Amino acid sequence: MQPLYVRVHPADSVAIVVNPEGLPAGATFPCGLALREAIPQAHKVALTRHEPRQPVLRYGQTIGFANREIHPGDWVREEWIDLPPAPPLDQLPLATAIPAPLPPLEGLTFDGYRNPDGAVGTKNLLGITTSVQCVAPVVEYAVRRIREELLPRFPHVDGVTAITHTYGCGVAIDAPDAAIPIRTLGHLSLHPNFGGAPLVVSLGCEKLQPGRLLPERSLTRVGAGPLPIAGGSPYVVRLQDADFRGFGEMVAAILRAAERRLEELNRRRRTPCPVSELAVGLQCGGSDAFSGVTCNPAVGHAADLLVRAGATVLFSEVTEVRDAAHLLTPRAVNEQVARDLIREMRWYDAYLARGGADRSANPTPGNKRGGLANVVEKALGSVAKAGSSALMAVATHGERVRTKGLVFAATPASDFICGTQQLASMNLHVFTTGEGTPYGLAMVPVIKVSSRTALAERWPDLIDLDAGRIATGEASLPQVGEELFRFILDVASGRKRTWADHWGLHNNLAPFNPGPVT
Ligand code: CA
């Protein structure tokens, strides 16, 4: 393979090396540029001469300032670039470059599970939610019994999953920030993939009482006696209920309620539903310098196709958007949406400051090994997932999104916390990775897209789609984007299965609790 680099924007002063083994000193690109030293794959080569304090440009944007003289052909290492200040939030352009609506894609459907309340699921799961961590081991025991003893009788149900978490007690439940984990868990419990009516297991003395978790639902208590008629309302098993004599009776009550829910779920069938019923959450994890030129823009292309078909597309991860905020506020559909985005950035700046950190805490050692110099470079690559459509709405942490089109749903960038919060709204997840992670979620399918072909070849049974072909010229960005779009519809319809679901790789849920623990 001849020496190859990717330059994203004509103004860029650096490019990244494509060759899988990196390149030795003296290697010469077709343009005549020769390397002054060896450069690993995905790391940056200087295309032009930089004086100290001169901007280093990638994506046509300043990713930092040179802190020494840099010659063409040099390996531009992370420590050669000083982090620029974040875009000031009080000077951002508001809705000044609203993209024109993209031509609609009409008549596209997928086979989903339509619920009585109109919401559409992509899986058919029995969900057992918990109001507090204290009950988690009991629920996990019951789940094992349900899998072994009950599920085989209900072939139309895909599985049983417990919503367990570390929240629910030992927290300042009336603190303002407590609203975040509480609403997240409430929306998760009513997820469309559970048919909208969960089974709740509570301890009894916890702060997060079931009525507070699901304030708009009437709850049906399950005791030691015969199962009451619930009429579509959630069942609640309260372990401290005076009815129960010992562990055996508690578990028997959970199994009785589970059996009734399984009978209902087993009647669900997939039917053609418009693609507008999809809410696809986008996330990246273990990113590298290729992410911003291969998998993320390919996902962005698929995001545009989803938006054109009327779907909801969520992008998130505040710390990975913060340094690209100046590129997003002009795209807001109106000034209010731009201000909502700034509100979320400002809230997170204050949250980080409270913890004695700032946005520079974001890149991981793996990100840096993968060629990402700092959070600015990471953010510019990350927002490529958002495609090119107008930003229609901004949701705060754990809020359920009901707007169609492209929506920013505020979350931390932490993979499991972001995924957990996106579950408040999404029925399918697309996850891009450069370094590789076996990440998955039980509640919705997770499609993993790799930034580099080398990763897809090393992990052929974990990566669902290889976007690395874009860097080597084997496939075009729109081709991979369209492939992903079709794959999304197949997975949402149950026609194809993700590797994470094939192996049952499902990460723990991790609700974001920025509030005090007592
Ligand atoms: Ca992430």
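Is the crossing of H1 and H4 right-handed or left-handed? Let's start there, and keep in mind that what you see is a predicted model.

So, the two helices. H1 covers residues 136-150 and H4 covers residues 246-265. Their axes sit 10 Å apart, and the packing angle is about 50°. That angle makes H1 oblique to H4, because oblique is what's left once you set aside under 35 degrees, over 145, and the 65 to 115 range. And the answer to my opening question: the crossing is right-handed. If you want to find the contact on screen, H1 brings Val138, Tyr141, Ala142, Arg145, Ile146, Glu149 and Leu150. From the H4 side you get Phe247, Val251, Ile254, Leu255, Ala258, Glu259 and Leu262.

Okay, on to the sheet. There are 7 strands in an open sheet, and the order goes S18-S19-S17-S16-S20-S21-S22. The pairing is parallel. At the edges you have S18, residues 391-395, and S22, residues 465-466, each pairing on one side only.

Let me walk through S16, which is residues 279-284. How many of the residues of S16 are buried? That would be 6 of 6, so to speak: the strand is mostly covered. Ala279, Gly281 and Gln283 point one way, Val280, Leu282 and Cys284 point the other way, and both sets are buried.

Now the neighbours of S16. On one side there's S17, residues 312-315, paired in the parallel sense over 3 bridges. If you're looking for a landmark there, Val280 has Val313 in S17 as its bridge partner. Then there's S20, residues 428-433, also parallel to S16, over 5 bridges. Here the pair to click on is Cys284 with Thr432 of S20.

What about helices around this part of the sheet? H5, residues 295-308, joins S16 and S17 in a right-handed β-α-β unit. And H10, residues 415-422, lies across S16, S17 and S20. H10 runs at about 170° to S16, which counts as roughly antiparallel because that is over 145 degrees.

Last stop, the S22 end of the sheet. S21, residues 446-450, pairs with S22 in the parallel sense, over 2 bridges. Which residue in S22 is the bridge partner of Ser450? It's Asp466.

That's my tour; happy to go back to any of it.

Key: Residues numbered from 1 in each chain as written. Predicted model: local features only at pLDDT ≥ 70, side-chain atom pairs only at ≥ 80, totals over all residues. Heavy atoms only, no water. Buried < 20%, exposed > 50% of the residue type's maximum accessible area, 1.4 Å probe, protein only. Helix = DSSP H or I, 4+ residues; strand = E, 2+ residues; numbered from the N terminus. Pairing = 2+ DSSP bridges. Right-handed = clockwise from strand over helix to strand, strands pointing away. Axes fitted to C-alpha atoms, helices over the stretch in contact; angles between N-to-C directions. Left-handed = near helix turned anticlockwise from the far one by under 90°. Contact = heavy atoms within 4.5 Å.
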